[in-house]
Amino acid sequence: FKDNSAESMSSLHAVEHFGLGRYGDTVDPEGCFKTMRELCRVLKPGGHLYFSVPIGRERLQFNAQRIFSPLTILDNFNSLELLSFSAVNDSGRFDPDAALENYYDSKCSCGLFEFTK
């Protein structure tokens, strides 16, 4: 895709699996972060990115997925502006206007980030 070409993009519970080799992809510890950089590159100024991944205490679950700290997501999308953050907490309750700091120590919550460029 060309730089700054996509007005709207979504990545919903995919990136946490990239680079782990589970689905035939090459093992690449930076695979998920490379993907985040590509999403930033392709997003058009004024465009929207909807991005969801498991969040909480950052770790790699063997042969499954990564769980990201919310701060890691913000750091990797630092060229974008966070418009909203929602989450589903460890108990399965939807939190539509979530505070990032409430999810730093989660076991495995779901974070939904809305960004713009």
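**Group meeting: a sheet, a helix and the core between them**

Let's start with helix 1, where Gly31, Cys32, Phe33, Thr35, Met36, Leu39, Cys40 and Val42 are buried. Before I go on, please keep in mind that this is a predicted model.

So what covers those residues? The cover on the buried residues of helix 1 includes strand 1 (6-12), strand 2, strand 4 (65-67) and helix 2 (70-76). Helix 1 itself spans residues 31-42, twelve residues in total. From its first C-alpha to its last it reaches 17 Å, close to the 16 Å expected at 1.5 Å a residue. As for its placement, helix 1 lies across strand 1 and strand 2, and its direction is at about 155 degrees to that of strand 2.

A quick reminder that helps when you look at the buried positions: an α-helix has 3.6 residues a turn, so residues three or four places apart point the same way.

Two of those buried helix residues are cysteines, so let me take them now. Cys32 has a relative accessible area of 0%, so it is buried. Cys40 is at 9% relative accessibility and therefore also counts as buried. How far is the sulfur of Cys32 from the closest cysteine sulfur? That closest sulfur belongs to Cys40 and is 13 Å away, too far for a bond. Seen from the other end, the closest cysteine sulfur to that of Cys40 is the one in Cys32, again at 13 Å. For the model, the disulfide count comes to zero, with the cut-off being sulfur atoms within 2.5 Å.

Now, on to the sheet. It is an open sheet of five strands, in the order 1-2-7-5-6, and the pairing is mixed. Which strands stand at the edges? They are strand 1 and strand 6 (94-95); each has a single partner strand, so one side of each is left without a neighbour in the sheet.

Strand 7, residues 109-116, is the one I'd like you to find next. It pairs with strand 2 in the antiparallel sense over eight bridges. Strand 7 also pairs with strand 5 (residues 81-88), again in the antiparallel sense, over seven bridges. Strand 7 is mostly covered, with six of its eight residues buried.

If you want to check the register on your screens, here are some pairs. Toward strand 5, Val88 has Cys110 as its bridge partner in strand 7, and Phe85 stands opposite Phe113. Toward strand 2, Ser52 stands opposite Leu112.

Let me stay with Ser52 for a moment, since it is a serine in strand 2 (residues 43-55). Is Ser52 buried or exposed? Its relative accessibility is 4%, so it counts as buried. Beyond its close sequence neighbours, those within four places, Ser52 is in contact with Ser11, Leu12, His13, Glu16, Gly111 and Leu112.

Gly46 is in strand 2 as well, but at 49% relative accessibility it counts as partly exposed. Not counting residues up to four places away in sequence, Gly46 touches Thr116 and Lys117. And for a sense of scale, Gly46 and Arg93 are 47 residues apart in sequence and 31 Å apart in space, C-alpha to C-alpha.

Next, the packing. The largest nonpolar core has 25 residues. Met36, Leu49, Phe51, Ile73, Phe77, Phe85 and Phe113 are those with the most contacts inside it. Two or more residues come from each of strand 1, helix 1, strand 2, strand 5 and strand 7. Which element gives the largest share? That would be helix 1, with six residues.

Phe113 is a good place to see this packing. Once neighbours within four places in sequence are set aside, Phe113 is in contact with Leu49, Tyr50, Phe51, Ile55, Pro70, Ile73, Leu82, Ser84, Phe85 and Leu100.

Last, two backbone details for the careful eyes in the room. Asn4, in the segment before strand 1, has a phi near 50 degrees, a positive value in a residue other than glycine. Its relative accessible area is 37%, so Asn4 is partly exposed. His13 also has a positive phi, about 55 degrees, although it is not a glycine. His13 lies in the loop between strand 1 and helix 1 and is partly exposed, with a relative accessible area of 34%. You have met His13 already, among the contacts of Ser52.

That's my tour; thanks for listening, and over to you.

Definitions and conventions: Residues are numbered from 1 along each chain as its sequence is written. This is a predicted model: local features need pLDDT of at least 70, side-chain atom pairs count only at pLDDT 80 or more; totals for chains, interfaces and linings use all residues. Side-chain values use heavy atoms; hydrogens and water are left out. Helices (H or I, at least four residues) and strands (E, at least two) are DSSP runs, numbered from the N terminus. Buried means under 20% relative accessible area, exposed over 50%, partly exposed in between (1.4 Å probe, protein chains only). Contact means heavy atoms within 4.5 Å. The expected span of a helix is 1.5 Å times one less than its number of residues. Two strands pair if DSSP finds at least two bridges between them. Axes are lines fitted to C-alpha atoms, for helices over the stretch in contact, and angles run from 0 to 180 degrees between N-to-C directions. A nonpolar core is a set of buried Ala, Val, Leu, Ile, Met, Phe, Trp, Tyr and Cys residues joined through side-chain atoms within 4.5 Å.
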